[in-house]
Amino acid sequence: RVEDSIRKRFQTLYKNISVHPRAISGYVDLNDELKLKAEEIVHQLNDDPGLVSIKRKVFGGKGQKTVLEVIFGYKGRLYFRNTEDRSVEVLAIGTKNTQSREMEYLNNL
């Protein structure tokens, strides 16, 4: 499967972050241009998350960790959160068109 090869690729290239299966399936659904832009953000998160330009905080309520949203390629969306051990979890990757589904998924984490 394509998702398995992407998961292995991300695990090999980006050792400082974890990428959820939801993010991988969203990445696979992107067109080639957005895939390139998304991977650029993933690369930045792996190297230095402080350099990534955050659009907004999505959730940060009681008992929930704050999820941050990054926009890439105008309509692409990437959602991640910082973990307690100072690494990054990429939770979802999608587009403006899939944003409502991603928000519902993130709300149910």
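1. Arg 86 is found in the loop that runs between E4 and E5. Its phi is near 65°, a positive value in a residue other than glycine. Arg 86 is exposed, with a relative accessible area of 82%. The model under discussion is a predicted one, and the backbone value just quoted should be read accordingly.

2. A second residue belongs under the same heading. Tyr 74, although not a glycine, has a positive phi of about 70°. Tyr 74 is placed in the loop between E3 and E4. With a relative accessibility of 77%, Tyr 74 counts as exposed, since the cut-off for that class is over 50%.

3. The next point concerns the interior. The largest nonpolar core has 22 residues, and those touching the most other members are Leu 45, Phe 72, Leu 78 and Ile 93. At least two residues of this core come from each of helix H1 (2–13), helix H2 (21–29), helix H3 (32–47), strand E3 (67–72), strand E4 (76–82) and strand E5 (88–95). H3 provides the largest share, five residues. A second core, separate from this one, has eight residues, including Phe 59, Leu 91, Ala 92 and Met 103. As general background, nonpolar side chains in soluble globular proteins tend to be buried together.

4. Ile 93 merits a point of its own. When neighbours within four places in sequence are left aside, the contacts of Ile 93 are Ala 23, Gly 26, Tyr 27, Leu 30, Ala 38, Phe 72, Arg 77, Leu 78 and Glu 102. Among these partners, Phe 72 and Leu 78 are also named with Ile 93 as the core members that touch the most others. Ile 93 is, in addition, one of the residues that line the largest pocket.

5. Which residues form an aromatic cluster through ring pairs? They are Phe 10, Tyr 14 and Tyr 27. The structure holds two aromatic pairs. Phe 10 and Tyr 14 make an edge-to-face pair, with 5.6 Å centre to centre and 75° between the planes. Both of these residues are buried. Phe 10 and Tyr 27 are likewise paired edge-to-face, at 5.2 Å centre to centre and 65° between the planes. Because Phe 10 lies in helix H1 and Tyr 27 in helix H2, this pair ties together parts that are 17 residues apart in sequence. Tyr 27 is buried, as is Phe 10.

6. The largest pocket has a volume of about 170 Å³. Its lining consists of Arg 22, Ser 25, Gly 26, Asp 29, Leu 30, Ile 93, Gly 94, Thr 95, Thr 98, Arg 101 and Glu 102. H2, E5 and helix H4 (99–107) each contribute at least two lining residues, and the largest share, four residues, comes from H2. By class, the lining comprises two nonpolar, five polar and four charged residues.

7. Is Glu 102, a residue of the pocket lining, buried or exposed? Glu 102 is buried, with a relative accessible area of 6%, because the buried class covers values under 20%. The place of Glu 102 is in helix H4. Apart from neighbours within four places in sequence, Glu 102 is in contact with Arg 22, Tyr 79, Ala 92, Ile 93 and Gly 94. Of these partners, Arg 22, Ile 93 and Gly 94 also line the largest pocket, while Ala 92 is included in the second core.

Definitions and conventions:
Residues numbered from 1 in each chain as written. Predicted model: local features only at pLDDT ≥ 70, side-chain atom pairs only at ≥ 80, totals over all residues. Heavy atoms only, no water. Core = buried A, V, L, I, M, F, W, Y, C linked by side-chain atoms within 4.5 Å. Buried < 20%, exposed > 50% of the residue type's maximum accessible area, 1.4 Å probe, protein only. Contact = heavy atoms within 4.5 Å. 1 Å grid on protein atoms, 1.4 Å probe; cavity = no way out; pocket = protein on both sides within 12 Å on 5 of 7 lines; lining within 4 Å. Points joined across faces, edges and corners; volume = space filled by probe spheres on them. Nonpolar A, V, L, I, M, F, W, Y, C, P; charged D, E, K, R; others polar. Phe/Tyr/Trp six-rings, centres within 6.5 Å; stacked < 30°, edge-to-face > 60°.
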